Amino acid sequence: MTAPAVTGASPRPSAALKRLTGAVTFLLPLVVLVIVWEAAVRITQVHPGVFPGVGAVMKAGAESIRDGSLWMHVGASMGRVMLGTVLAILVGVPLGVLMGVSPAVSTFLTPLFRFFSVLAGIAWIPIATLWFGYGFGAIIFVIFNAVFFVVAYNTLLGVSGIPITLRNAAASLGAGPWTMLREVLLPGALPNIVTGIRTGLGFAWRGLIAAEMIATNVGLGYMLFLARDFYRTELIVFGMVVIGILWLLIDRLILAPLERRTIERWGLVRS
Amino acid sequence: MKSLSIRNLSKTYFDPYAGKHVTAVQAVSLDVPEGEFVCVVGPSGCGKTTILNMIAGFIPLSGGEIVVDGRSVSGPGPDRGVVFQSHALFPWKTVLENVAFGPKMRGVPLADREAIAREYLALAGLAHAADRYPNELSGGMQQRVGVARALANQPAVLLMDEPFASVDAQTRMTLQEELTRIWQERRPTIIFITHDVPEAVFLANRVVVLSKGRVLKEIDIDLPRPRVWDALIEDERFKTLSAQVLQLVRSA
Ligand SMILES: Nc1ncnc2c1ncn2[C@@H]1O[C@H](COP(=O)(O)OP(=O)(O)OP(=O)(O)O)[C@@H](O)[C@H]1O
Ligand SMILES: [Mg+2]
């Protein structure tokens, strides 16, 4: 209940204050969720094996932090997401640029992109495990698929959204194909590329958890699955909370500011 | 030596709605000697932009030849600088980086190209805006940067397609006076396209009137320089020339 007091204290809100109120308005619904959860558990007297209270989940969490298992799972999951995403960006951005500058390539690939984008993510898990076995390769493949199509498609949108006059201007100032790529196409498409990465990472995060339940023996998805085998409902819920919080942190602290910076600083407004 | 020579330039477009070819430019020939300031005027749709885009190399020719400094050209190149109607500055580069872009493409080292860029920004009266981004500038300032960016690359010809059409009347007059001052200081060869007759007469050594894709008439503008609006607005010679050009444009 400190929020209203803080907002009312200063007539001219400073940047720090604005950040604080931003964080409070962001966290408040989550706090309400926790309160409602605890209240519901107490009122309904639901069996902890079906749905545990806040205290039991926190205890399970503290335990997994103490014995180091949480860090092991989080580390494994984050490492996979990062590797799969980096690979997808390395392939998706050049392909998107190529589609953006060549109408023939984009006409040919667009139906394929439509087809595969609906399959992006978990639909690939069965065949990925056939191809790569149960393990690292299959999971990286699933993440790659989740990020690749979105990044390539957004890069295409970004490149083809660059006004032709900007490319003409660069050409008449002496830019060749490579300098055009470096100085115009990539920076011009960057806001869209960042948006693509942000969207793709969302898909990847979901695909990762699903794949880890099936195809591995470490990671957050595996942690949930293992806990289920031991009827540790409180550990399952804790794992779900961690998955959600990790994503919120990545999105809010890294991706969203990056997207805002590139778009706002250059005054680019993209639809 | 002639800086720019256009011989028998023509352009036909395919009109997908009418399902037939339309001729936008027909056998246009024009010689622009080094250091001349030529304005091309004509009613909307007479082919001004098409001619400029062909000279710039942005669209292919249907016929004819474009010769810059004795060499036949095709495709865009740094010998022909362009100032666009919509400024076309790179939004992700600062004003200084925009102006330094041409020298950068030529491989000029960072310190040198920044010095060049600062020189041309000062020439355009924008030394103070070097570190800003284009979206932080007014329309008039954006066009000044566009002029500085094109000039900093020292092109053989400067091509301008209605660069002042989208700024307010006061700013436009200032920009016109500044452009004549810059032209007098540096003597670039300029082809300036406009449908504003007083603007053409104010700026040019020679006004070329187009009509339906052809050159209708060329008129020498023998007004003294420096040209400033306060003096010219009441000038009899300026009035006579403007009336003469206006009549040609309206008959076109
Ligand atoms: N891409 C195109 N496809 C088909 N026709 C075109 C194309 N571009 C221009 N035209 C036609 O060519 C003619 C000349 O057009 P252009 O843009 O060169 O005129 P303009 O003199 O610049 O006119 P304005 O003063 O309105 O800018 C017009 O009839 C126009 O409709
Ligand atoms: Mg035009």
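Which side chain has a polar atom 2.8 Å from an oxygen atom of ligand 1? Hold that thought for a second, everyone, and good morning. What I have on screen is a predicted model, so please hear everything I say today in that light.

Back to the question. The residue is K48(B), whose polar side-chain atom lies 2.8 Å from an oxygen atom of ligand 1. K48(B) has company there. An N or O atom in the side chain of S44(B) sits 2.5 Å from an oxygen atom of the ligand. Y13(B) also takes part, with a side-chain N or O atom 3.4 Å from a nitrogen atom of ligand 1. If you want to click through the surroundings, start with the run of S44(B), G45(B), C46(B), G47(B), K48(B), T49(B) and T50(B), then add Y13(B), A24(B) and E162(B).

Let's stay in chain B and look at a few loops. The peptide bond from R225(B) to P226(B) is cis, and its omega is near 0°. You'll find P226(B) in the loop that links strand 10, residues 214-220, to helix 8, residues 229-232.

Next, K212(B). This residue isn't a glycine, yet its phi is positive, near 45°. K212(B) belongs to the loop between strand 9, which covers 206-211, and strand 10. Is K212(B) buried or exposed? Its relative accessibility is 63%, so K212(B) counts as exposed.

T94(B) gives us the opposite case. This threonine is in the loop between strand 6 and helix 2, the helix at 95-99. Its relative accessibility comes to 12%, and a residue is called buried under 20%, so T94(B) counts as buried. Leaving aside residues up to four places away in sequence, T94(B) touches A130(B), D131(B), R132(B) and Y133(B).

Now let's move over to chain A. How many helices and how many strands does chain A have? The count is 11 helices and zero strands. Read from the N terminus, then, the elements of chain A are α from beginning to end. The C-alpha trace spans about 70 × 65 × 30 Å along its principal axes. Chain A has 271 residues, and 43% of them count as buried. As for how the chain comes together, take the contacts between residues at least 6 apart in sequence: 70% of those join residues at least 24 apart.

Two residues in chain A are worth a stop. The first stop is T216(A), in the loop between helix 9, residues 177-215, and helix 10. T216(A) has a relative accessible area of 17%, so it is buried. What does its side chain do there? It makes a polar contact with the side chain of R80(A) at 3.0 Å, and it reaches the backbone nitrogen of V218(A) at 3.3 Å. Not counting residues up to four places away in sequence, T216(A) touches R80(A), I139(A), A211(A) and Y222(A). So R80(A) shows up both as a polar partner and in the contact list.

The other stop is Y231(A), found in the loop between helix 10, at 220-229, and helix 11, at 233-265. Y231(A) has a positive phi of about 55° although it is not a glycine. With a relative accessibility of 71%, Y231(A) counts as exposed.

Finally, let's put the two chains together. The contact takes 22 residues from chain B and 21 from chain A. About 1,900 Å² is buried between them, and carbon and sulfur atoms give 68% of that area. There are charges in the mix as well: two salt bridges cross the interface of chain B and chain A. One of them pairs E183(A) with K104(B), where the closest N and O atoms are 2.9 Å apart. Four residue pairs are in polar contact across the interface.

Which elements of chain B each supply at least two residues to the side that touches chain A? Those are strand 6, at 80-83, and helix 3, at 101-105. Helix 3 gives the largest share, four residues. By class, this side of chain B has 13 nonpolar, five polar and four charged residues.

That's my tour, so let's open it up for discussion.

Technical notes. Residues are numbered from 1 along each chain as its sequence is written. Chains are lettered from A and ligands numbered from 1 in the order in which they are written. This is a predicted model: local features need pLDDT of at least 70, side-chain atom pairs count only at pLDDT 80 or more; totals for chains, interfaces and linings use all residues. Side-chain values use heavy atoms; hydrogens and water are left out. Buried means under 20% relative accessible area, exposed over 50%, partly exposed in between (1.4 Å probe, protein chains only). Contact means heavy atoms within 4.5 Å. Buried area is the accessible area (1.4 Å probe) that two parts lose on being put together, summed over both. A salt bridge is a side-chain nitrogen of Lys or Arg within 4 Å of a carboxyl oxygen of Asp or Glu. A polar contact is a pair of N or O atoms within 3.5 Å; within protein, one must be able to donate a hydrogen and the other to accept it, and residues adjacent in sequence count only if both atoms are side-chain atoms. Ala, Val, Leu, Ile, Met, Phe, Trp, Tyr, Cys and Pro count as nonpolar, Asp, Glu, Lys and Arg as charged, and the others, Gly among them, as polar. A residue is near a molecule or strand if one of its heavy atoms lies within 4 Å of it.
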